[in-house]
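This report introduces a structure to a reader who has not met it before. It proceeds from the pairing of strands to the interior, the overall form and the ligand.

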Amino acid sequence: MSTLFDQTSLGPMTLKNRLWRSSTWENKADSKGHLTPELVKVYENLAKGGVGTIITGYAFICEEEQPNARMMGIYDDTFIEEYKNFTKNIHELGANIVMQIVYGGSQTDFNSGSRKIFGPSAVENPIFKVTPVEMTKNDIDYIIKSFAEAAGRVKEAGFDGVELHGAHGYLLSQFLTPFFNRRKDEYGGSIENRARIIYEVLEAVREKVGPDYPVFIKMHSTDEWGENGLTPEESLIVVKGLQERGISGIELSGGHLSSDPDTAPIKPKLLKKEKESYYRKPAAMIASAVDVPIILVGGNRSVEVMEDILENTPIKYFSLSRTLHAEPDLPNKWKQGFRGKPRCISCNKCWGRDTNICVLDRKKS
Ligand SMILES: Cc1cc2nc3c(=O)[nH]c(=O)nc-3n(C[C@H](O)[C@H](O)[C@H](O)COP(=O)(O)O)c2cc1C
């Protein structure tokens, strides 16, 4: 029987367990996206806490397009030496580390009046009220090149892999979602057209990092957004397209941060076991139809539920954000047999104005 603590391999990576830290913006980099001691500490605590593979918070790929405060950057070569030391440190503490890279788009309230923000179409963001500039073919080529160059830096800096942020309402996911993508050219309309930019990003990244370097994507198993959204069947078409083009693994999430809170990807109040691992159904449907490794994210809270999914579906890996934000050593506790409730109560108060600190730690200080 498979367990969460099996050692596995994924291409050149060895994973000491099936647990990943899902990308989590810490709000702790400096104003240009460089590392700070408090940010490095978060990663050291995660690595010491036993998670097998850490995905960094989203890192911005174009200097002029930072969608949020105090994010990590990867937009030029000045980051390479600093991240080389960082990845070496995390490796010595026993974890793999993958960098997530992003172009944000209209889902932003960070300096949004002062910069040019791209989108598939000039559709106002329903929550953030930002209307992006509809991208020309030249703009699309610029973003593809920026992703590829950033991925090259990620590899050079010693990360074990790179993850494209194709989820939660940021630019690449907006192309997939009919609400945001009203284009009439080859990047809009059919699901093949809406996925085209993502395929082109993957192809450009592959060309840069070579055929064997681990390249992942976080994308939706469903938008949960009715006819305005991406359905699980359409997600499967995209997953198959990515598999054909050499993706190494796919982290399946769902929902936009710019839609109804009930359909957003960070769901609160996961008090009952049935509410845990909330994308398991569409993700299992997709995993059953492909060979590429699937990482399930969203509400993973107990060994019992994750090992049931592991036993009964082809999903191989599980990633966690809020629980490790509140309790970075939960993987070690699980490994030692702890089966009580995690410290995280899914209250969704992880965010702070100046830095992100779990509400339970804020009360203490
Ligand atoms: C504080 C915070 C920051 C996050 N930052 C990112 C991010 O940078 N990139 C990303 O893909 N998802 C991000 N997420 C979403 C998580 O990776 C994850 O998909 C979501 O929280 C559901 O998983 P969970 O139930 O384990 O928290 C963030 C979530 C939280 C709570």
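Two strands are said to pair if DSSP finds at least two bridges between them. In this predicted model, strand β5 (residues 59-60) meets that condition with β7, to which two bridges join it in a parallel run. Strand β7 (residues 96-102) has further partners: three bridges join it in parallel to strand β4 (residues 53-55), and four bridges pair it, also in the parallel sense, with strand β10 (residues 161-166). The table lists these pairings, with one residue pair for each.

| Partner of β7 | Bridges | Sense | Residue pair |
|---|---|---|---|
| β4 (residues 53-55) | three bridges | parallel | I54 and I97 |
| β5 (residues 59-60) | two bridges | parallel | F60 and V102 |
| β10 (residues 161-166) | four bridges | parallel | L164 and I101 |

Strand β7 is mostly covered, with seven of its seven residues buried. In a regular strand the side chains alternate between the two faces of the sheet. From β7, N96, V98, Q100 and V102 point one way, while I97, M99 and I101 point the other way, and all are buried.

The interior may be considered next. In soluble globular proteins, nonpolar side chains tend to be buried together. The largest nonpolar core here has 88 residues, and those with the most contacts inside it are I61, I74, I101, F147, I250 and L296. Helix α3 (residues 137-156) supplies the largest share of this core, six residues. Apart from this core lies another, of five residues, including A326, C350, I357 and C358. Leaving aside neighbours within four places in sequence, L296 is in contact with L252, S277, Y279, R280, A283, I309, I315 and F318.

As a whole, the protein has twelve helices and 14 strands. For 365 residues, a compact globule would have a radius of gyration near 21 Å, and the 19 Å of this protein agrees with that expectation. Along the principal axes, its C-alpha atoms fill a box of roughly 55 × 40 × 40 Å. Of the 365 residues, 52% count as buried. Among contacts between residues at least 6 apart in sequence, 71% join residues at least 24 apart.

Which residues are closest to the ligand? They are S22, S23, Y58, S321 and R322, out of 25 residues that surround the ligand. By class, this shell has nine nonpolar, 14 polar and two charged residues.

Notes:
Residues are numbered from 1 along each chain as its sequence is written. This is a predicted model: local features need pLDDT of at least 70, side-chain atom pairs count only at pLDDT 80 or more; totals for chains, interfaces and linings use all residues. The radius of gyration is taken over C-alpha atoms; the globule rule is 2.2 Å times the number of residues to the power 0.38. A residue is buried if 20 or more other C-beta atoms lie within 10 Å of its own, exposed if 12 or fewer, and partly exposed in between; C-beta atoms are placed from the backbone. Two residues are in contact if their C-beta atoms, placed from the backbone, lie within 7 Å. A residue is near a molecule or strand if its C-beta atom, placed from the backbone, lies within 6 Å of it. Ala, Val, Leu, Ile, Met, Phe, Trp, Tyr, Cys and Pro count as nonpolar, Asp, Glu, Lys and Arg as charged, and the others, Gly among them, as polar. A nonpolar core is a set of buried Ala, Val, Leu, Ile, Met, Phe, Trp, Tyr and Cys residues joined through C-beta atoms within 7 Å.
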